[in-house]
Amino acid sequence: MNTAAFDTLASGYDRDFTHSLVGAAQRRTVWDTLDRCLARQSRPCSVLELNCGTGEDALHMARAGHRVLATDVSHAMLQVASDKLARAGLGGAAQTRPLDLQALASGHVTAQELGGRFDLVFSNFGGLNCLSPSALQALAAPLASCLAPGGQIIAVVMPRLCLWESAWALLQLRPRLAARRWRGGPVPAQLSLGQPPLPVWFHGVQEMDGAWHTHFERTLVRPVGLAVPPSAREALASRAPGWLALMERLDRRWLTAAWGARLSDHVLIQYRRR
């Protein structure tokens with residue numbers, strides 16, 4: 001995978017997304033489920049994080065006492081994550097290492113090389129959307145081998161319809177943008193200026209189940225970003241922070257049913273290893 005675009009994003013990613021109003025609101029919704037999953041264990045969990053980005057989730061889990069191997073294809077992202085963990089004094093609890101999901105899916109990287117069996121595999125905010133449907137299916141068996149018996153996966157992906165995105169685009173009379181997710185992809189995503197676009201596929205619950213059902217049993221579906229808008233609407237959120245806080249409360253307390261995953265910006269899907 002071409003990592004240049006992600007490397008270019010690394011220095012500004014926390015400013016532009018992690019600490020943005022929308023990004024933080026959607027992440028807190030994910031953490032509600034992540035924290036409950038980890039709290040069910042009577043001991044600290046071992047977590048393999050895929051596409052960790054700048055390490056915000058790894059930092060959160062390490063602060064809660066869990067052991068994290070945070071991986072990403074981008075060395076620049078990993079450097080930001082490593083520095084962040086070191087500043088927090090958590091470099092011993094959360095380690096970082098480069099990992100290309102294509103290499104894991106093709107067997108060029110094994111579970112043994114990653115350190116054996118984990119209690120949880122976690123992938124947040126669309127990292128798995130960089131994989132084609134065939135690569136996503138090929139990833140299932142390697143992920144199963146990375147998990148202890150009964151181990152869990154929490155995957156947060158971008159599905160094939162986002163009500164906010166489509167409605168906003170239609171209001172702007174941009175029907176092609178409104179429909180960009182509907183066919184599943186690949187859709188060229190321009191992550192940064194001066195870099196070639198990256199292909200992105202949109203995987204809803206049906207596509208994820210189809211790719212992973214042989215090795216995993218789905219246990220939970222939850223929308224992320226049903227009332228809270230996508231990050232592209234950060235300017236709107238910054239003009240009305242009180243409104244955004246209300247939308248976040250709706251997402252975290254009330255709009256948690258699986259039906260919302262058909263309309264949300266992201267969908268959280270939890271699986272158990274068979």
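**Exercise 1. Locate His203 and describe its surroundings.**

His203 is found in the loop that runs between strand S7 (198-200) and helix H10 (205-212), where helices (H or I, at least four residues) and strands (E, at least two) are DSSP runs numbered from the N terminus. The model is a predicted one, in which local features need pLDDT of at least 70, side-chain atom pairs count only at pLDDT 80 or more, and totals for chains, interfaces and linings use all residues. Residues are numbered from 1 along each chain as its sequence is written, and side-chain values use heavy atoms, with hydrogens and water left out.

The next step is accessibility: His203 counts as buried because its relative accessibility is 2%, given that buried means under 20% relative accessible area, exposed over 50%, and partly exposed in between (1.4 Å probe, protein chains only). Contacts (heavy atoms within 4.5 Å) come next, and, not counting residues up to four places away in sequence, His203 touches residues including Leu128, Asn129, Leu131, Val157 and Met208. Finally, the side chain of His203 reaches the backbone oxygen of Leu131 at 2.9 Å.

**Exercise 2. Decide whether Pro44 is buried, partly exposed or exposed, and place it in the fold.**

Pro44 has a relative accessibility of 40% and therefore counts as partly exposed. Pro44 lies in the loop between helix H2 (21-39) and strand S1 (46-50), and, leaving aside residues up to four places away in sequence, it touches Gly65, His66, Arg67 and Asp119. As for Glu217, the C-alpha atoms of Pro44 and Glu217 are 23 Å apart in space, with the two positions 173 residues apart in sequence.

**Exercise 3. Which residues of H1 are buried, and what covers them?**

Begin with the geometry: helix H1 (residues 4-18) has 15 residues and reaches 20 Å from its first C-alpha to its last, close to the 21 Å expected at 1.5 Å a residue, the expected span being 1.5 Å times one less than the number of residues. H1 nevertheless contains a kink of about 75 degrees centred on Gly12, the bend at a residue being the angle between axes fitted to the seven residues ending there and the seven starting there.

The buried residues of H1 are Ala5, Phe6, Ala10, Gly12, Asp14, Phe17 and Thr18, and what covers them includes H2, helix H3 (56-63), helix H4 (75-87) and S7.

Note on methods:
Polar contact = N/O pair within 3.5 Å; in protein donor to acceptor, adjacent residues only side chain to side chain.
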